[in-house]
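Work through the exercises below with the model open. Each task is followed by a solution in steps.

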Amino acid sequence: MKYLDEYRDHRIARVLAAEIVQSTTRPWVLMEICGGQTHTIMRYGIDELLPRGIEIVHGPGCPVCVTPLETVDKAIALALRSDVILVSYGDMLRVPGSHSDLFRAKAQGADVRIAYSPTEAVKIARSNPDRKVVFLAIGFETTAPANAMAAWQARREGLPNFSLLVSHVLVPPAIRALMVSGNNRVQGFIAPGHVCTVVGCKEYEDLVRDFRVPIVVGGFEPVDILEAVLMLVRQLEAGEAKLENQYVRSVSYQGNISAQQIMAEVFEVADQKWRGIGLIPQSGLRLRDEYAAYDANLVFDLGEITVDEPAECISAQVLQGLKKPTDCPAFGMRCTPENPLGAPMVSTEGACAAYYHYRRHAVAK
Ligand code: SF4
């Protein structure tokens, strides 16, 4: 299959679904990591094509959802300073902080600008030498190379008014944390294809070996997901635990070496807090000491703050595959995309948003 349409072909999807049915003799719990994959599953009703015994649970792979509340609060505080231009991906504007969000800060007069890449933030800094430009640099391994490149470029130019508020997370340590947690139910993982285009399949080998858990690197179209599920079911039914790559059209074993080099030049691995979940050792990236002049935490002396999630929001359990969004009492009632209580309801990759857009009527029946 070469073209995108073929990955959405319902005839191919039905053949794969039938093969999954034929291959399944026992119940299995599988997790897709990436929020993009969650949305494909909900949008195309892939879970409904699967035999009853196959349960798909959703993982922590929505970058906006796992950005700590404290980082959102810091971004809002920075945005409200008259000397700052806060530049962010659009998805972050509606994410609730403790008391407000960037969208409301913008309505209050804060200079908040949306960018599609950090390079745009560097350009804004060049054109506004009398203002301090902060880029809210969040995401998984997928966005880390571009954010690293922005810091590298700013340092090379000696741009004095540019900095990054970094909240970068890494997928393999999150899977490891799930596997060692006492309440894990997941027996096989669909690893996120976009992340693996950067880091390669190799990053997942240790997990397969250490936990004897099958991992299939998967793409984002319906046929990709079904093929990845079939590959996992075949392994599980055969008692195997292997690393396989379904997304061969984009992902190699080694990944993108140039992207890995710029990440390693600018960032180092560090402990990282995940929104709702808490601290996961060695699961994030922070700027190296050589880039301290571009670290908004240091430039603005932001320090450490700790704030609590709204008690009603069960996103921590949703992001660990322990509950579905529809298990949340606030779902679709007190929590909607217009009035979100938690980030998964507002992010374009959030599981709660996926259920709200594609399943809320089914739930209401
Ligand atoms: S529906 Fe809203 S309150 Fe419930 S878990 Fe999702 S984001 Fe949190």
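For the classes used below, Ala, Val, Leu, Ile, Met, Phe, Trp, Tyr, Cys and Pro count as nonpolar, Asp, Glu, Lys and Arg as charged, and the others, Gly among them, as polar. The model is predicted.

**Exercise 1.** Find where the ligand sits and sort the residues around the ligand by class.

Solution.
1. Locate the ligand: it sits in the largest cavity.
2. List its neighbours: Cys-313, Ile-314, Ser-315, Cys-328, Phe-331, Cys-335, Leu-341, Gly-342, Pro-344, Met-345 and Cys-352.
3. Apply the classes: Ser-315 and Gly-342 are polar.
4. Count: the shell has nine nonpolar, two polar and no charged residues.

**Exercise 2.** Describe the largest pocket and state which element gives the most to its lining.

Solution.
1. The volume of the largest pocket is about 710 Å³.
2. Its lining has 29 residues, with Lys-74, Val-166, Gln-272, Asn-297 and Glu-304 nearest the centre.
3. Two or more lining residues come from each of α5 (69–79), β6 (162–169), β10 (267–274), β11 (278–287) and α14 (296–299).
4. The most come from β10, which gives five.
5. By class, this lining holds 11 nonpolar, seven polar and 11 charged residues.

**Exercise 3.** Describe the second largest pocket in the same way.

Solution.
1. This pocket holds about 430 Å³ of space.
2. It is lined by 20 residues, and Pro-63, Thr-142, Thr-143, His-194 and Glu-349 are the closest to its centre.
3. The elements α4 (63–66), β5 (132–139) and α10 (193–199) each give two or more residues to the lining.
4. The classes here are 11 nonpolar, seven polar and two charged.

Conventions
Residues are numbered from 1 along each chain as its sequence is written. This is a predicted model: local features need pLDDT of at least 70, side-chain atom pairs count only at pLDDT 80 or more; totals for chains, interfaces and linings use all residues. Side-chain values use heavy atoms; hydrogens and water are left out. A residue is near a molecule or strand if one of its heavy atoms lies within 4 Å of it. On a 1 Å grid over the protein atoms alone, a cavity is a set of points where a 1.4 Å probe fits but cannot get out, and a pocket is an open set with protein on both sides within 12 Å along at least five of seven lines; lining residues have an atom within 4 Å of a point. A molecule sits in a cavity or pocket if more than half of its atoms lie within 2 Å of its grid points. Grid points are joined across faces, edges and corners, and a volume is the space filled by probe spheres set on the points. Helices (H or I, at least four residues) and strands (E, at least two) are DSSP runs, numbered from the N terminus.
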